[in-house]
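Here is a walk through a protein model, taken one piece at a time. Keep the picture open and follow along.

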Amino acid sequence: MEPACDEAFRGMDIVLGAAENDIAKRFAPAIVKAGAVFVDNSRKAQEIIKDNLTSVGMGKQSQVVADDAAAFLTRTAETYDIIFLDPPYDLGYVPKLMPLLGRCLAPEGIVLFEHRKGEPMPETAGDLRLKKQYFYGKTAVTTYEKASAE
């Protein structure tokens, strides 16, 4: 995993559970420039995302979808190269969202799922397989790819 920088978001397609902090605000322009879609069902989070995007001059270019992540993943007809998930920890999102990701992920795509360190993550979910895990203090990011990707 690379340090966070503007270039790290190149190719980012979808952000599920967008962060409500200074890091999100700092990288919002790069994420929007990459064409990402922000999805969050929390009205407060949506307002914060929109405020952050507006404060850095990216409000009109961004797409913030007011939806539940599972509902969005079920309905979308798009496929994405990079899917980043940062749902609230320990609320059952791993088993709820993992089975839905494979249909939305492009053949050579990657899923980055942020979660609490120690939260069990499946080795496989449908046609996705665990690629690597990264640990940052109390946080972990688990990456998945399509099982056919080598």
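Let's start with strand 8, residues 139-146. Seven of its eight residues are buried, so the rest of the structure largely encloses this strand. Before going further, a word of caution: what you see is a predicted model.

Who are the neighbours of strand 8? On one hand there is strand 5, which pairs with strand 8 in the antiparallel sense over seven bridges. Look for glutamate 114, whose bridge partner in strand 8 is valine 141. On the other hand there is strand 7, joined to strand 8 by eight bridges, and this pair runs antiparallel too. Here tyrosine 134 stands opposite valine 141, and lysine 132 has threonine 143 as its bridge partner. So valine 141 is a handy landmark: find it, and you can spot glutamate 114 and tyrosine 134.

Now follow the chain back through the turns. Strand 7 and strand 8 form a hairpin with two residues between them, and glycine 137 in that turn has a positive phi of about 60 degrees. Go one hairpin earlier and you meet strand 6, residues 124-125, which is joined to strand 7 by two bridges, again antiparallel. In this stretch threonine 124 stands opposite arginine 129. The hairpin of strand 6 and strand 7 has two residues between its strands as well, and glycine 126 takes a positive phi near 60 degrees there.

Time to step back and take in the whole chain. It has four helices and eight strands, and reading along the sequence gives the pattern β-α-β-α-β-α-β-α-β-β-β-β. Of its 150 residues, 46% count as buried. Take the contacts between residues at least 6 apart in sequence: 60% of them join residues at least 24 apart. As for the outside, the accessible surface comes to about 8,200 Å², and 52% of that belongs to carbon and sulfur atoms.

What about the inside? The largest nonpolar core has 25 residues, and the members that touch the most others are Ile83, Leu97, Met98, Leu101, Val111 and Phe113. Two or more residues each come from strand 2 (37-40), helix 3 (69-75), strand 4 (80-85), helix 4 (93-101), strand 5 (105-116) and strand 7 (128-136). Helix 4 is the biggest giver, with six residues. To get a feel for the packing, zoom in on valine 111. Leaving out residues up to four places away in sequence, valine 111 touches Ile83, Leu85, Leu101, Leu105, Leu128, Thr142, Thr143 and Tyr144.

Helix 4 deserves a closer look. Which of its residues are buried? They are Tyr93, Val94, Leu97, Met98, Leu100 and Leu101. Looking down the axis of helix 4, these buried residues fall within an arc of 165 degrees, so they line one face of the helix. They pack against helix 3, strand 4, strand 5, strand 6, strand 7 and strand 8. On the face turned away from the buried side, you'll find the exposed residues Pro95 and Pro99.

Just back along the chain, the loop between strand 4 and helix 4 holds aspartate 90. Its phi is near 60 degrees, a positive value in a residue other than glycine. Aspartate 90 counts as partly exposed because its relative accessibility is 43%, which lies between the limits of 20% for buried and 50% for exposed.

Our last stop is helix 2, which covers residues 43-55. With 13 residues, helix 2 reaches 18 Å from its first C-alpha to its last, close to the 18 Å expected at 1.5 Å a residue. Its buried residues are Ala45, Gln46, Ile49, Asn52 and Leu53. They cover an arc of only 130 degrees around the axis, which puts them on the same side of helix 2. Turn to the face away from that side and you'll see the exposed residues Arg43, Lys44, Asp51 and Thr54. Just after the helix comes glycine 57, with a positive phi of about 75 degrees.

Key: Residues are numbered from 1 along each chain as its sequence is written. This is a predicted model: local features need pLDDT of at least 70, side-chain atom pairs count only at pLDDT 80 or more; totals for chains, interfaces and linings use all residues. Side-chain values use heavy atoms; hydrogens and water are left out. A nonpolar core is a set of buried Ala, Val, Leu, Ile, Met, Phe, Trp, Tyr and Cys residues joined through side-chain atoms within 4.5 Å. Buried means under 20% relative accessible area, exposed over 50%, partly exposed in between (1.4 Å probe, protein chains only). Contact means heavy atoms within 4.5 Å. The arc is that of the directions from the helix axis to the C-beta atoms. The expected span of a helix is 1.5 Å times one less than its number of residues. Two strands pair if DSSP finds at least two bridges between them. Accessible areas come from the Shrake-Rupley method with a 1.4 Å probe; for residues, only the protein chains shown count as cover.
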